Amino acid sequence: MNYQTGVTEKPMILNTLIDVAPIFQKLFPLDCTIAITDKEYFLADYPSKELQLNLEGTKIPEDTGIRKAMVSEETLITILPEEVYGVPFKSIALPIKNKIGQVVGCMALGMSLKNQERLKKATESLSVTSEEIVASTEELAASAQELANGMELVDLLRKEMEEQVLRTEELLDFIRSIAQNSNILGLNAAIEAARVGEKGQGFKIIAAEIRKMAEDSGKSVEKIKLIIEEIKQRTLRISREMQRAFQLSQNQASASQEIATAIQGLNEFIIELEDLSRII
């Protein structure tokens with residue numbers, strides 16, 4: 001160790017701290033550097049893995065936490081940015097006093113802030129991931145609402161189609177009734193023909209009724225055709241809505257996958273934060 005203060009003998013407490021500083025360094029849970037100073041020079045410097053400052057034997061700079069701590073006689077915590085020594089770190093300077101209460105030096109502990117920087121970046125990434133999850137969730141919710149609206153329209157069209165089918169059944173019943181009446185009229189016409197022979201004037205009335213019923217039947221058939229065509233159009237619209245609903249379902253599945261991926265990333269960040277919390 002290089003001791004350049006010009007004093008013939010260091011205070012005993014400083015010698016003791018120089019001897020035990022390596023023990024403190026090993027006991028400390030974080031990677032840190034420890035320096036022991038008198039009032040002017042660094043007497044000892046025990047570097048860490050990340051802080052290789054090589055301060056032993058050098059003069060204490062004027063505007064430092066160590067000098068301020070000795071002047072104020074209070075423990076001082078200073079944050080040094082990366083630009084100073086190439087690594088951001090926190091310095092804790094503790095004034096050392098002799099038996100009569102005079103400040104004779106300082107013990108400084110330096111801890112790298114790389115882990116804190118990692119934690120900060122992880123936290124920022126976590127924030128971004130959370131925002132992505134929120135955005136994906138909102139998109140999923142909007143798609144779900146749109147899907148619900150589409151399915152509601154499909155259900156309305158289905159009810160309308162059922163009503164059309166009922167109308168068709170009514171017309172079919174009417175046609176069946178006509179057929180039944182036609183059979184009865186035909187039977188009566190046969191009986192009348194057998195009874196009066198060539199003089200069956202009733203055939204004219206029967207024929208007129210049959211023609212009237214046939215005409216009504218034709219009109220009913222036309223109505224049925226229109227209704228069937230309308231049913232076809234509504235069925236086509238239902239089919240299109242179902243396709244749209246299917247597409248929305250696919251979008252929901254895709255959004256759900258994005259959420260799952262984002263959550264997986266979130267879990268990875270949480271694991272990293274947990275690891276950092278164990279060492280910080």
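A contact here means heavy atoms within 4.5 Å. With that in mind, the tour may begin with the whole chain of this predicted model.

**The whole chain**

Display the protein chain as a cartoon. Five helices and five strands make up its secondary structure. Followed from the N terminus, the elements come in the order α-β-β-α-β-α-β-β-α-α. Among the contacts with a separation of 6 or more, 58% are between residues 24 or more positions apart.

Next, switch to a surface view. The protein chain exposes about 18,200 Å², and carbon and sulfur atoms supply 57% of that area. Of the 280 residues in the chain, 30% are buried.

**First stop: Tyr46**

Select Tyr46, which belongs to strand E2. Is Tyr46 buried or exposed? Its relative accessibility is 17%, and residues under 20% are classed as buried, so Tyr46 counts as buried. Show its surroundings next. Leaving aside residues up to four places away in sequence, Tyr46 touches Ile18, Ala21, Pro22, Gln25, Cys32, Thr33 and Ile34. Then add Leu109, which is 63 residues away from Tyr46 along the chain. The C-alpha atoms of Tyr46 and Leu109 are separated by 9.7 Å.

**Second stop: the cysteines**

One of the residues that Tyr46 touches is Cys32. Select Cys32 together with Cys106. Cys32 is buried at 2% relative accessibility, and Cys106 is buried at 1%. How many disulfides does the structure hold? The count comes to zero.

**Third stop: Glu50**

Move on along the chain to Glu50, in the loop between strand E2 (42–46) and helix H2. Glu50 has a relative accessibility of 32% and counts as partly exposed. Which residues does Glu50 touch, not counting residues up to four places away in sequence? They are Asp31, Val87, Ser112 and Lys114. Now select Gly86 as well. Glu50 and Gly86 lie 36 residues apart in sequence, and their C-alpha atoms are 9.6 Å apart in space.

**Fourth stop: a charge over a ring**

Select Tyr41 and Lys59 and show their side chains. The charged end of Lys59 sits over the ring of Tyr41, at 5.4 Å from the centre of that ring. As for pairs between aromatic rings, the count comes to zero.

**Fifth stop: salt bridges**

How many salt bridges does a search of the whole structure find? It finds five. Three of the pairs are visited here, beginning with Arg67 and Glu62.

Arg67 and Glu62 form a salt bridge in which the closest N and O atoms are 3.7 Å apart. Arg67 is buried, at 12% relative accessible area, whereas Glu62 is exposed, at 59%.

Select Asp63 and Lys68 next. Their side chains meet in a salt bridge, with 3.3 Å from N to O. Asp63 counts as exposed at 63% relative accessibility, while Lys68 is partly exposed with a relative accessible area of 45%.

Then show Glu73 and Lys97. These two residues form a salt bridge whose closest N and O atoms are 3.5 Å apart. The pair links distant parts of the chain, 24 residues apart: Glu73 is in the loop between H2 and E3, and Lys97 is in strand E4 (residues 89–97). Both partners are partly exposed, Glu73 with a relative accessible area of 42% and Lys97 with 36%.

To see how salt bridges connect, select Glu40, Lys59, Glu62 and Arg67 together. Salt bridges that share partners join these four residues into one network. The network includes Lys59, the residue whose charged end sits over the ring of Tyr41.

**Last stop: the backbone of Glu73**

Return to Glu73 and show its backbone. Most residues other than glycine have a negative phi. What is the value of phi for Glu73? Phi of Glu73 is near 60°, a positive value in a residue that is not glycine. The loop that holds Glu73 runs between helix H2 (65–72) and strand E3 (76–80). Glu73 therefore brings together two features at one position: the positive phi and, at 42% relative accessibility, a partly exposed setting.

Note on methods:
Residues numbered from 1 in each chain as written. Predicted model: local features only at pLDDT ≥ 70, side-chain atom pairs only at ≥ 80, totals over all residues. Heavy atoms only, no water. Helix = DSSP H or I, 4+ residues; strand = E, 2+ residues; numbered from the N terminus. Buried < 20%, exposed > 50% of the residue type's maximum accessible area, 1.4 Å probe, protein only. Areas by Shrake-Rupley, 256 points an atom, 1.4 Å probe, with all protein chains shown as cover. Phe/Tyr/Trp six-rings, centres within 6.5 Å; stacked < 30°, edge-to-face > 60°. Lys NZ or Arg CZ within 6 Å of the ring centre and 35° of its normal. Disulfide = S-S within 2.5 Å.
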